[in-house]
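Please open the model in your viewer and keep a selection panel at hand. The stops below move through charged side chains, with a selection to make at each one.

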Amino acid sequence: MMTQSDLDLKETALKEDLKFYFMNPCEKYRARGQIPWKLALQILKILMVTTQLVFFGLSNQLVVSFKEENTVAFKHLFLKGYSGTDEDDYSCSIYTQQDAYDSIFYVINQYRNLKNISLGTLGYEHEESGLKICKQQYKRGTMLPSNDTLNIDVSTETECILLKPKELTGKKAELKLNSSFFSLEFYRLIQVEISFKLKGIALQTIHARELPDCYAFQNTITFNNRAHSGKIKVYFDSDTEIQECKDWHIFNSVLQKNTQYILVFDGFVILSCLASLILCTRSIVLAWRLQKRFVNFFLEKHKRRVCYADRLEFLNGWYVLVIISDVMTIIGSILKMEIKAKNLTSYDVCSILLGTSTLFVWVGVIRYLGYFQTYNVLILTMQASLPKVLRFCCCAGMIYLGYTFCGWIVLGPYHEKFEDLNTVAECLFSLVNGDDMFATFAQIQEKSSLVWMFSRLYLYSFISLFIYMILSLFIALITDSYDTIKKYQQSGFPATDLHEFLKDHSSAGYRKDRTSFPLICCCRRQQSDDNLILIN
């Protein structure tokens with residue numbers, strides 16, 4: 001059985017370790033001369049990760065602009081009468097049978113003469129591929145609108161034809177174009193779909209000292225006649241796939257050397273993140289062991305368990321955030337290196353990983369600002385208000401969903417911002433923030449007086465309820481938490497078992513006389529600050 005002196009020695013050692021654990025990096029240096037490696041590494045990592053992200057962002061902009069510009073070029077090349085602006089979610093529309101025939105044959109002629117008319121570096125995929133035209137229609141039927149007579153088989157049939165580039169230049173092309181396939185019965189026609197694949201090379205990356213990419217564009221033009229309303233909507237869709245160039249030779253260029261420099265820099269980013277990952281993981285493991293010592297000692301001495309809140313003090317959420325950020329940065333950097341070497345083309349996945357990791361890195365800076373009492377108010381206010389805000393949002397969300405479903409079913413046929421649930425939710429969220437109010441009121445169609453009156457009641461009640469009441473209560477919750485934190489800072493925070501355990505312990509034993517310090521932040525503080533305990 002442990003004697004009282006052994007228990008006192010164990011308690012003193014535990015208090016010293018706990019006190020040291022809750023110190024900030026500069027206090028740890030003054031107490032035991034421990035150099036703040038994690039702090040220095042995080043500052044270096046912020047600079048490196050941000051620089052890496054900027055380089056990748058500039059490269060990604062070239063990819064995005066090349067895709068968008070080619071899509072616009074394709075619309076002007078293959079859509080007859082395209083004005084340069086999409087009408088809605090479709091590109092353009094046609095209203096006569098002759099316009100429908102002209103638009104279909106216009107696509108065929110433009111595809112046949114692509115190499116002579118295109119300004120871009122475009123070509124056909126290969127000689128066996130071509131222009132695939134499919135028409136979908138009801139099997140059979142008759143329709144006499146004047147007699148209100150309809151006799152139709154609703155089962156559909158799809159018929160396709162393939163026009164290869166070589167065939168379009170010969171006599172066979174005329175035979176195919178004059179075949180019965182192009183005799184359309186519009187009362188049965190559902191849609192005509194024209195699909196073709198083109199290849200292209202992005203040369204603009206050379207000017208940015210990067211190796212060029214090869215692209216495959218899968219283009220689809222759809223003449224949609226499902227509504228049979230006298231208006232055929234023409235949709236253009238282009239799916240872009242970045243492919244590895246199989247055989248390329250670039251002369252009189254420093255592209256390969258520049259690529260090697262960037263790959264070396266990415267390697268250093270990975271090494272810094274690995275070091276940060278190891279240090280933060282080690283800190284979490286040591287904290288877990290320290291928590292276990294404290295829980296066991298408290299149970300042994302006071303015969304009761306430590307509360308859950310005190311146990312959470314040992315879980316440093318900032319370290320968890322840094323670990324997640326490091327893992328995402330390492331994976332994103334590996335993908336970026338493969339993309340740079342032209343072995344992969346996963347730009348979207350890489351941008352998500354690098355962008356999110358950089359976000360977490362910069363958010364992690366708040367941890368070091370929290371060592372100063374003035375900045376720590378923001379962090380403590382967010383921590384204190386978060387549970388109440390989440391509960392409040394759950395209640396407000398029920399009302400918000402009710403308005404969303406109501407607006408969609410009632411106003412959907414009369415207002416473009418209420419056509420689907422996603423658009424309704426976005427419209428209502430913009431109204432809560434005071435955006436686009438007049439346009440939302442003005443765009444309602446006055447075809448139905450009852451719906452128009454309901455729309456006024458709906459919009460006025462939603463705006464009044466959410467802006468004047470719910471939003472004000474939301475702000476009041478955060479303000480109340482801020483006032484509470486300010487009051488605690490003046491009169492002291494509520495004491496827990498952990499605070500009481502450390503309250504009477506002095507850190508004088510750590511004090512060492514030093515004439516110089518490696519960091520500016522480690523300059524000597526006032527004696528009155530030594531009793532402050534910074535909680536995670």
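Before the first selection, one cut-off is needed: a residue is called buried when its relative accessible area is under 20%, exposed when it is over 50%, and partly exposed in between. Bear in mind throughout that this is a predicted model.

**Stop one: the network around Arg-188**

Select Arg-188, whose relative accessible area of 9% makes it buried, and then add Glu-157, which at 33% is partly exposed. These two form a salt bridge in which the closest N and O atoms are 3.7 Å apart. Colouring by secondary structure shows how the pair links distant parts of the chain, since Glu-157 belongs to strand E6 (residues 156–163), while Arg-188 sits in the loop between helix H6 (171–177) and strand E7 (189–202), 31 residues apart. Now add Glu-185 to the selection, because salt bridges that share partners join Glu-157, Glu-185 and Arg-188 into one network.

**Stop two: a buried pair between two helices**

How many salt bridges does the structure hold? The count is 7, and the next one to select is that of Lys-45 with Asp-326, where the closest N and O atoms are 2.4 Å apart. Lys-45 lies in helix H3 (residues 37–78) and Asp-326 in helix H10 (residues 317–340), so the pair ties together parts that are 281 residues apart in sequence. Are these partners buried or exposed? Lys-45 counts as buried at 1% relative accessibility, and Asp-326 is likewise buried, its relative accessible area being 0%.

**Stop three: further along helix H3**

Select Lys-75 and Asp-86, which form a salt bridge with their closest N and O atoms 2.9 Å apart. Lys-75 is in helix H3, whereas Asp-86 is in the loop between H3 and strand E1 (92–94), and the two are 11 residues apart. Lys-75 counts as buried, with 10% relative accessibility, while Asp-86, at 32%, counts as partly exposed.

**Stop four: a negative patch**

Finally, switch to a surface representation and select Glu-87, Asp-88, Asp-89, Glu-416, Glu-419, Asp-420 and Glu-426, which together form a negative surface patch. Within this selection, centre the view on Glu-419, which lies in the loop between helix H13 (373–411) and helix H14 (421–432). Is Glu-419 buried or partly exposed? Its relative accessible area is 49%, which means that Glu-419 is partly exposed.

How values were computed: Residues are numbered from 1 along each chain as its sequence is written. This is a predicted model: local features need pLDDT of at least 70, side-chain atom pairs count only at pLDDT 80 or more; totals for chains, interfaces and linings use all residues. Side-chain values use heavy atoms; hydrogens and water are left out. Patches are made of residues with over 30% relative accessible area and no salt bridge: like charges are joined within 9 Å, nonpolar side chains (Val, Leu, Ile, Met, Phe, Trp, Tyr) within 5 Å. Accessible areas come from the Shrake-Rupley method with a 1.4 Å probe; for residues, only the protein chains shown count as cover. A salt bridge is a side-chain nitrogen of Lys or Arg within 4 Å of a carboxyl oxygen of Asp or Glu. Lys and Arg count as positive and Asp and Glu as negative; His and the chain ends are not counted. The place of a charge is taken as NZ of Lys, CZ of Arg, CG of Asp or CD of Glu. Helices (H or I, at least four residues) and strands (E, at least two) are DSSP runs, numbered from the N terminus. Buried means under 20% relative accessible area, exposed over 50%, partly exposed in between (1.4 Å probe, protein chains only).
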